[in-house]
Amino acid sequence: MEYKHIIFEVSEGVGIVTMNRPEALNALNLEVVAELDDLFSRIDSDPEVKVAVITGAGRSFIAGADIEEMGRLTGDEGREMVLKGHHLMSTIENNRKPVIAAINGYSLGGGNELAMSCDFRIASEKAKFGQPEVGLGIIPGYGGTQRLPRLVGKGMAKKLILCAETIDAQEALRIGLVDKVVAPEELMDTVMGLARKICAMAPIAIDVAKSAINSGLQCDLKTGLRIETESFYRAFASEDRVEGMHAFVEKRPAKFRNK
Ligand code: CO8
């Protein structure tokens, strides 16, 4: 698939996805949702990519779903759009590669929902966050009613969604919506530093650990511990486990398989 609204480059194992509709503050229209879904499916199986980063060109990360486009849809088409959005968010959330959101500016509506599907959220001091949907007569439809309360708690999620409140990066950090806030000029260096740290680890262990955490959060502790046992076994049975432990004993850096 050719990408019209996103740029993709790979640098030393890190796949960098740049939202590139700055004229619309990187709003998510149906075309870009399809492009992102295609790209994140590719990233999932691309041996060259160990970690993915998503950021926005210009002054916005993603200012939500494209309101102009949504305004032209019928109710049924709106439902279809929600399902497509859910598919994309799940392709990101369940991706075998960790995904870091480098939030450079507006993270609103569907944009904030996309950020919440990522494994890490690092924000610039200039970033702004919110779920403004109720002011448009809709509700968050790309997972926000579900992922936001799981991330920041029921009360705070209701405050953000029902009051359509926009908050700054420091407040987002305080409530646990983002993991770190840095100066705008330090954003990409910080994100790349985190990405490289993960790149140095055993890919199978990263994949299995991420999936165990995500799956375990959907169920009770007993079931979660069963998931951990099976996940642990997958990592323990791998060549990377043998290499990682031999490298430690031999006091040398481990050479993990690139997949
Ligand atoms: N959709 C389409 N265009 C947008 C969007 C958007 N979400 N956001 C900004 N733009 C466009 C503006 O229309 C403007 O275009 P133009 O230059 O042609 O007039 C350009 O981007 C620049 O924007 P502004 O001039 O408004 O810039 P400001 O700095 O004055 O304001 C804001 C920046 C505050 C971010 C403002 O643009 C804004 O409020 N944008 C809308 C934010 C919003 O409400 N987002 C939520 C959308 S709803 C949603 O995401 C639902 C997700 C689930 C979908 C379910 C599917 C059915």
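This briefing walks through the ligand site and the two domains of the structure above. The model is a predicted one. A shell of 25 residues surrounds the ligand, and Arg59, Ala63, Ala65, Ile67 and Gly110 come nearest. The protein chain is assigned a domain 1 and a domain 2, and residues from these two domains are in contact.

**Polar atoms at the ligand**

- Start with Arg59, where an N or O atom of the side chain is 2.8 Å from an oxygen atom of the ligand.
- At Ala65 the backbone takes part: one of its N or O atoms lies 2.7 Å from a ligand oxygen.
- Ile67 also uses its backbone, with a polar atom there 3.0 Å from a nitrogen atom of the ligand.
- On its own, the ligand has 1100 Å² of accessible area, and the protein covers 63% of that.

**What makes up the shell**

- Two or more residues each come from helix H2 (67-70), helix H3 (75-93), strand S6 (106-108) and helix H4 (110-117).
- H3 gives the largest share of the shell, with three residues.
- Sorted by class, the residues around the ligand are 15 nonpolar, five polar and five charged.

**How the two domains sit together**

- Domain 1 covers residues 6-199, and domain 2 covers residues 203-249.
- If you look from one C-alpha centre to the other, domain 1 and domain 2 are 27 Å apart.
- Where they meet, 11 residues of domain 1 are in contact with five residues of domain 2.
- Between them the two domains bury about 570 Å², and carbon and sulfur atoms account for 48% of this area.

Technical notes. Residues are numbered from 1 along each chain as its sequence is written. This is a predicted model: local features need pLDDT of at least 70, side-chain atom pairs count only at pLDDT 80 or more; totals for chains, interfaces and linings use all residues. Side-chain values use heavy atoms; hydrogens and water are left out. A residue is near a molecule or strand if one of its heavy atoms lies within 4 Å of it. A polar contact is a pair of N or O atoms within 3.5 Å; within protein, one must be able to donate a hydrogen and the other to accept it, and residues adjacent in sequence count only if both atoms are side-chain atoms. Accessible areas come from the Shrake-Rupley method with a 1.4 Å probe; for residues, only the protein chains shown count as cover. Helices (H or I, at least four residues) and strands (E, at least two) are DSSP runs, numbered from the N terminus. Ala, Val, Leu, Ile, Met, Phe, Trp, Tyr, Cys and Pro count as nonpolar, Asp, Glu, Lys and Arg as charged, and the others, Gly among them, as polar. Domain bounds come from an automatic or database domain assignment. Contact means heavy atoms within 4.5 Å. Buried area is the accessible area (1.4 Å probe) that two parts lose on being put together, summed over both.
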